[in-house]
Amino acid sequence: MRRRQPGKSALPRIWLISDARNDAQLERSIARLSHGSGLVFRHYHLPPEARRARFDRLAKLIRRRGGVIVLAGDARMARRWRADGYYGAPGGGAANGLIRLLTVHDMRELAHAHASAADRAAALISPVFATRTHPGGMALGVARFASLARLSRLPVVALGGMTRRRSLQIAAITISWAAIDGLSA
């Protein structure tokens with residue numbers, strides 16, 4: 001299995017994903033991230049005006065640390081909000097220079113991700129491990145995650161039940177990972 005190495009325009013290796021349950025400690029969590037990490041801003045729980053205000057606050061914080069912020073939404077919204085990219089299921093419009101994080105749970109979605117990928121795209125393959133986001137849901141496990149990652153033509157980000165310790169279990173597969181609880185203060 002080959003380990004993907006970061007290139008000149010490399011995407012962050014570590015991604016903090018926002019959620020209603022980690023909102024109260026996001027400022028502290030961002031302060032603890034390594035320089036150049038990424039934030040995936042979801043905050044589906046907030047009404048539109050409050051969501052935008054929270055985005056703007058967190059964007060300043062992550063950028064001060066040399067990081068990027070990716071918005072759950074489409075490319076048009078990401079441009080309007082001045083996000084560095086957008087996050088969601090494969091499909092939709094072109095990224096046109098934005099980072100594109102594509103959610104992948106199986107082979108079908110991986111094929112869709114390949115078809116809708118852009119220059120600065122990555123596949124967030126999940127859930128690697130059991131997660132509080134989908135209680136009782138079926139996790140891929142390391143072996144199935146590795147199978148999908150091997151077939152990916154995109155850089156791979158491991159998601160789902162990830163922690164710093166678990167990132168070591170998948171280090172030979174990918175150096176990139178994302179978490180909600182695993183990176184929250």
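This section describes the strand arrangement of a predicted model and the packing of selected helices around it.

In the model, 8 strands close into a barrel. Their order around the barrel is S1-S2-S3-S4-S5-S6-S7-S8, and the pairing is parallel. Between neighbouring strands of this sheet the turn is 25° on average, with direction ignored.

One part of the barrel is formed by strand S2, residues 38–41, and strand S3, residues 68–72, which run parallel and are joined by 4 bridges. Within this pair, phenylalanine 41 has leucine 71 of S3 as its bridge partner. Helix H2, which comprises residues 48–64, lies across both S2 and S3. The direction of H2 is at about 155° to that of S3.

Strand S8, residues 176–179, pairs with both S1 and S7. With strand S1, residues 14–17, the pairing is parallel and extends over 3 bridges; here leucine 16 stands opposite alanine 179 of S8. With strand S7, residues 156–158, the pairing is again parallel and involves 2 bridges. In this second pair, valine 157 is matched with serine 176 as its bridge partner in S8. The connection from S7 to S8 includes helix H6, residues 164–169, and the three elements make a right-handed β-α-β unit.

In a regular strand, side chains alternate between the two faces of the sheet. For S8, both faces are covered. Ser176 and Ala178 are buried on one side, while Trp177 and Ala179 are buried on the other. The two residues of S8 named above as partners, serine 176 and alanine 179, thus lie on opposite sides of the strand.

Helix H4, residues 107–115, presents both buried and exposed residues. Glu109, Leu110, Ala113 and His114 are buried. Viewed down the axis of H4, these buried residues fall within an arc of 145°, so they line one face of the helix. An α-helix has 3.6 residues a turn, so residues three or four places apart point the same way. The buried residues of H4 pack against two elements, strand S5 (99–104) and helix H5 (141–151). Arg108 and Ala115, by contrast, are exposed on the other side of H4. At the start of the helix, the backbone nitrogen of arginine 108 is approached by a side-chain oxygen of aspartate 106, which reaches to within 3.2 Å. Arginine 108 therefore combines an exposed position with this backbone contact, in which the cut-off for a polar contact is 3.5 Å.

Technical notes: Residues numbered from 1 in each chain as written. Predicted model: local features only at pLDDT ≥ 70, side-chain atom pairs only at ≥ 80, totals over all residues. Heavy atoms only, no water. Pairing = 2+ DSSP bridges. Axes fitted to C-alpha atoms, helices over the stretch in contact; angles between N-to-C directions. Contact = heavy atoms within 4.5 Å. Buried < 20%, exposed > 50% of the residue type's maximum accessible area, 1.4 Å probe, protein only. Arc of directions from axis to C-beta. Polar contact = N/O pair within 3.5 Å; in protein donor to acceptor, adjacent residues only side chain to side chain. Right-handed = clockwise from strand over helix to strand, strands pointing away.
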